[in-house]
Amino acid sequence: MNMKNRNALNKFIINIALEIKKQMCIINKKEGRAAAESKMGESKNMKLLSIAIPCYNSQDYMENCIKSLLIGGEDVEIIIVDDGSKDATAEIADRYAKKYPTIIKAVHQENGGHGAAVNAGIANATGLYFKVVDSDDWVDADSYRKILDKLSELAGGDTTLDMLISNFVYEKQGKKHKKVMRYSHELPENRILTWDDVKHFGKGKYILMHSVIYRTKLLRECGLELPRHTFYVDNIYVYYPLPHVKTLYYMDVDFYRYFIGREDQSVNESVMIGRIDQQIKVNKLMMEDVDLWSVANKKLRKYMFNYLEIITVISTVLCLRSGTEENLQKKRDLWTYIKEYDLRLFHHLRKGIMGRTMNLPGRSGRKISVAAYKIAQKIVGFN
């Protein structure tokens, strides 16, 4: 074979080798994506992120929420859950679902409360990941894009991500300075974590519904089902799945905008006092749904205890704030219930600084408890 033919043959062989390598890269990429999807137990045509918007008589503000989420485009599924609204909420939901049929899904149901609406969102979700955004809140566009990019990147990786955490901002009505709840001191940034990597969470610092995105399949497999016709179930939503979370990822971006300040809002103090039975119900369910002493990881168990402690403090102080004998009796009944249900938990709650402060005897003790509560209000930023 002469030199010219030999060079032509070598070039031909090299081209074939390059083409084979190219095709193998394509195949490996597809197989990697398929493996990730198979690991999630989902189909190739699934969405990256499902976002549920629980709506009840939300006609005045829900469109602002929806528009902020539409920026996510086709990677996102927006599930508007009309929870038996009596205003134009249903019509607005249907109008957006008709206009964006590949992105928005409208679900209509009889009124069942916030928990039932979240349950409907999970049941209808087709995304790898799931988030709840309340109808009077919204999200930051730049942070939203960064989170979607990161979820897309992690979805094709070797490690299954269970929970992504980001910051949220208290958009408190009438306040120029917006308090940001960030976790940069508690969670290492921009890498997959386990609970062993988590640092100390101080009092008043908790992972709330506004800051969390869960893997959809995890929520289903852990059996999460929120109670109907019950307020404050967002605490159960965040708390109950935690023992099933093995991997976390924290992004220091101010993603969720939590509007606070409406007079009829569920976190308004006077409204919370009027719904003290609901708060106590959630408090008890959190104790009953998770056996803290069976949580193997010590850091997670401590965090979950602190979370349960602050919920118990809120229940206790709201009873004290009301000043009525009926609610003071409810406070005593709650602590009696805790003692009878789990004596070990009771002693841990009572011996802590918050437990001691919340149970000081007499009128002077109640004043000290309420003063501590007012300080907590300023630190945490709720209404």
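1. Start with R182, which is partly exposed at 32% relative accessibility. In this predicted model, the side chain of R182 forms a salt bridge with that of D254, with an N to O distance of 3.3 Å. R182 sits in the loop between β7 (179-181) and β8 (192-193), while D254 belongs to strand β10, so to speak a link between distant parts of the chain, 72 residues apart.

2. Strand β10 turns up again in another pair. D140 and R257 meet through their side chains in a salt bridge of 3.8 Å, N to O. Why does this pair tie together parts that are 117 residues apart in sequence? Because D140 is in the loop between β5 (138-139) and α5 (141-155), whereas R257 is in β10 (residues 248-260). The two ends differ in cover: D140 is partly exposed, with a relative accessible area of 23%, and R257 is buried, at 17%, the cut-off for buried being under 20%.

3. A third pair worth a look is D277 with K330, whose side chains make a salt bridge at 2.9 Å, N to O. Here two helices are involved: D277 is in α9 (residues 276-289) and K330 in α11 (residues 325-341), so the bridge ties together parts 53 residues apart in sequence. D277 is partly exposed, and its relative accessible area is 46%. Back with D140 and R257, salt bridges with shared partners join these two, E171 and K178 into one network. Over the whole structure, a search gives 16 salt bridges.

4. Now for a serine. Is S135 buried or exposed? With 6% relative accessibility, S135 counts as buried. You'll find S135 in the loop between β4 (127-132) and β5. Its side chain has a polar contact of 2.9 Å with the side chain of S58. Setting aside neighbours within four places in sequence, S135 touches I53, P54, C55, S58, Y61, M62 and C65.

5. Helix α3 (residues 89-99) is a nice one to turn in the viewer. Its buried residues are T89, A90, I92, A93, Y96 and A97. Looking down the axis of α3, these buried residues fall within an arc of 165°, so they line one face of the helix. The general background is that an α-helix has 3.6 residues a turn, so residues three or four places apart point the same way. What do the buried residues of α3 pack against? They pack against β1 (47-55), α2 (62-70), β2 (76-83) and β3 (104-109). K98 and K99, on the other side of α3, are exposed.

6. As for the overall picture, the protein has 14 helices and 10 strands. Of its 383 residues, 51% count as buried. Among contacts with a separation of 6 or more, 78% are between residues 24 or more positions apart. The accessible surface is about 18500 Å², and carbon and sulfur atoms account for 53% of that.

7. Last, a word on confidence. The average pLDDT of the protein is 85, and 78% of the residues score at least 70. Where does pLDDT stay under 50? One stretch is residues 25-43, for which the model has 22 contacts beyond four places in sequence. Another is residues 379-383, where the pLDDT is below 50 and the model has 20 contacts beyond near neighbours in sequence.

Terms used:
Residues are numbered from 1 along each chain as its sequence is written. This is a predicted model: local features need pLDDT of at least 70, side-chain atom pairs count only at pLDDT 80 or more; totals for chains, interfaces and linings use all residues. Side-chain values use heavy atoms; hydrogens and water are left out. A salt bridge is a side-chain nitrogen of Lys or Arg within 4 Å of a carboxyl oxygen of Asp or Glu. Helices (H or I, at least four residues) and strands (E, at least two) are DSSP runs, numbered from the N terminus. Buried means under 20% relative accessible area, exposed over 50%, partly exposed in between (1.4 Å probe, protein chains only). A polar contact is a pair of N or O atoms within 3.5 Å; within protein, one must be able to donate a hydrogen and the other to accept it, and residues adjacent in sequence count only if both atoms are side-chain atoms. Contact means heavy atoms within 4.5 Å. pLDDT is the predictor's confidence in each residue, from 0 to 100. Accessible areas come from the Shrake-Rupley method with a 1.4 Å probe; for residues, only the protein chains shown count as cover. The arc is that of the directions from the helix axis to the C-beta atoms.
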